[in-house]
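Trainee: Could you take me through one part of this structure in detail? I'd like to look at the ligand and what is around it.

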Amino acid sequence: MKSDKENILESSVQYIKSVGPKRAESFSKIGINTIRDLIFYFPSRHLDRTTVLTAAKAYGYAMNGYDGEATIIAKVVDKEKRNLGRKEILKVQFRDSSGFIECVWFQGVKYFHSVFNEGDYFAISGKPEINYNKLQIVHPDFDKITEEETQSFLNTGKIIPFYRIPKELKQKNIGDLSLRRIINTAVESYVDNLEETLPQEIIAQHKLIDLITAVKNYHYPQSKELFEQAKRRFKFEEMFYLELLVAIKKNNYQTKLIGNKMEIKTNLVSVFIKTLPFELTHSQLNVLSEIKKDMLSEKPMNRLLQGDVGSGKTIVALISMLIAIDNGFQAALMAPTEILADQHAKNISAMMSKLALSHKGKEIKVSLLLGGQKKSVRNQKLSDIELQEADIIIGTHAIFEEQVKFNNLGLIVIDEQHRFGVKQRALLQSKGTTPDVLVMSATPIPRTLSMTIYGDLDFSVINEMPKNRIPIKTVLRGEKKLPEIYNFIIDKAKEGYQTFLVYPLVEDSEKLDLKAAITFYEDLKENHLKNLKLGLIHGRMSWQEKEEVMLMFKDKLFDVLVSTTVIEVGIDIPDANIILINDAHRFGLSQLHQLRGRVGRSNKQAYCILITKDEIAAKQNANELELDYLSSVQLEKYKSSVRLQSMVKYLDGFKIAEIDLKLRGPGDIFGTKQSGFPELKYTNIIEDTELILEAKQSAFKLIENDPKLENNFSALIRKNLIKHYSENLSYAKIA
Ligand code: ADP
Ligand code: MG
């Protein structure tokens, strides 16, 4: 039961002074319906004394070549529209107690002319420059503030919040001042109605501030420290509830379900390992022993295997499958694309025939199940699976369709896990009587992120590459260099090198993509690469056609394979040792890393050549763009350059993933949407590592002691989980 005090918070924002029904509609468009929503609409930044300069100081800095941003609080004293050639420009003069500053607009002159009126105060931010001896900022950011706010800010150092103003509000004439006033009214009048959402014990234990103090100080911090405390409290709370969900999920899985307790029955596995043409790396062996321990125990395995592209995950998966088969079970391997499933099936079948020769009496049968197979073929396969004529079943998600009935499924391996969502994982676990599950991912996820999103899984990491590998050489070149690069490819072809030549998808349209790839292919065949054998592969082909081309490439019928990104995932062609990526600036960082992972799989020197139109990147001043020192504004501007230069600089997938995350920002973490977790509002998954761990430990301990949240202590938590996370709770249950 909610108290009356709490209920008031659920009333419409229209009852707040100067809102009313019309403006309430606009608020509603940006997701603010209730007074509570308004109270939790926090500022995107604050104006505080340490970030403000006087005009005189800014002038001094600019004279000395200062390259950063500055904020100045000043009053409008004059404005003027001027013609510059055919264009109109706007100049607004401001002054503060120390001097003058001029702001200039080349665009939106009419609009900005209406914004700045004599006598109004603004906080203006931007890069100060000196122009004809005058201090100037071109196209500054600005926030309007009242004279009163200006005074109290300058005199008492009161911190002023600035709120993001979406266009829906601007259209209803809600600007900086009015939004600040509206939110301030709501906070002042109703903040005390909030009920605490964390148990006192947790608050005390983790030295958090209480909810009401936190809300107040998030809007109008009494001090910088209290503002930091407020943020910390919300981050903790956010992660605490998230981790509770994870803990519940993990607990359900481990306690409710009893898995298969397997054994090492025969020498199947050890014989198989002897048939391999290479030694397993230490890392592969370690990971295998972790997997084996899970499989031999009664608890169902639920493990994530991470390992960079080319680190040899497939063989680990296969050995795990053999353990299941040794115990009379079937094993399933799910791949994200048909072509990859097909490749796995071919490789694994070949290894299994070799094994049959050395291990008489045990023939292990592999079945490939794909969409679009002939009905008779499919029916045969379905019956093989049901009668356990097939031991290893490989396919795309098609293997988890309803008609597919396993006789005795003991292990599920999911390759390239990040391509599948939580729902699919849950669905597939319903296929056997609690089979063991091994999910594999080549997209190395920074540790905190994986712990957060996949916190219900146990982790294994392959952190070592097979010994024979030589680090791939990555270079970045402008398009002008292409003729030289083609010559390089031609020379290398004489040594037996094969090349992937990748073009980006054109505007996500398969049709255009096809046209582009074909055009390039025809052109190269007639011109630059006319003496080489060229193949073409693209997204419009059926998987059978793709397979045929890939096999021809593998058999060296082509020197060069022109392709769109269909080669991206998992494909393994040892003699392809050059990859040329056109318009590389248009690819995401993890995608580039995946693509690069297609080469360097043998003992020859491999090359990754990135071609770009991006001028900044092509300059190759890799060291000028030190990522750690870029402001968020610069980061935005140089994103594609940073991506490309990171590729040149780093080979390590974990490092790449970290940068990728930083570039994309915590709001856009891959996979969170499909993972079933809400988006994070407060926490920065990269920077808040320690707090995340603290929240996680606390949440896991709580669930360990009180799995069903039945204690008095947990009542508040239970209530909040149901109230705010009901949708996510359902995920926690099914998985
Ligand atoms: P990924 O981890 O990207 O899935 P794969 O499993 O496709 O990598 O392995 C990449 C290549 O390395 C394959 O050709 C595989 O046979 C080979 N490989 C795997 N383990 C080893 C090893 N320990 N030593 C040498 N080569 C290995
Ligand atoms: Mg793989």
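Mentor: Sure, let's start with where ligand 1 is: it sits in the second largest pocket. A pocket here is an open set of points on a 1 Å grid over the protein atoms alone, with protein on both sides within 12 Å along at least five of seven lines, and a molecule sits in one if more than half of its atoms lie within 2 Å of its grid points. Keep in mind that this is a predicted model, where local features need pLDDT of at least 70, side-chain atom pairs count only at pLDDT 80 or more, and totals for chains, interfaces and linings use all residues. Residues are numbered from 1 along each chain as its sequence is written, chains are lettered from A and ligands numbered from 1 in the order in which they are written, and side-chain values use heavy atoms, with hydrogens and water left out.

Now the surroundings. Around ligand 1 there are 16 residues (a heavy atom within 4 Å), and the closest are E279, G310, T314, R469 and D572. By type, that shell splits into six charged residues (Asp, Glu, Lys and Arg), six polar and four nonpolar.

Next, the polar contacts (N or O pairs within 3.5 Å). A polar backbone atom of G310 lies 2.6 Å from an oxygen atom of ligand 1. With R469, a side-chain N or O atom is 2.7 Å from a ligand 1 oxygen, and for R601 the corresponding distance is 3.3 Å. Taken alone, ligand 1 exposes 560 Å² (Shrake-Rupley method, 1.4 Å probe), and the protein buries 86% of that.

Terms used: A polar contact is a pair of N or O atoms within 3.5 Å; within protein, one must be able to donate a hydrogen and the other to accept it, and residues adjacent in sequence count only if both atoms are side-chain atoms. On a 1 Å grid over the protein atoms alone, a cavity is a set of points where a 1.4 Å probe fits but cannot get out, and a pocket is an open set with protein on both sides within 12 Å along at least five of seven lines; lining residues have an atom within 4 Å of a point.
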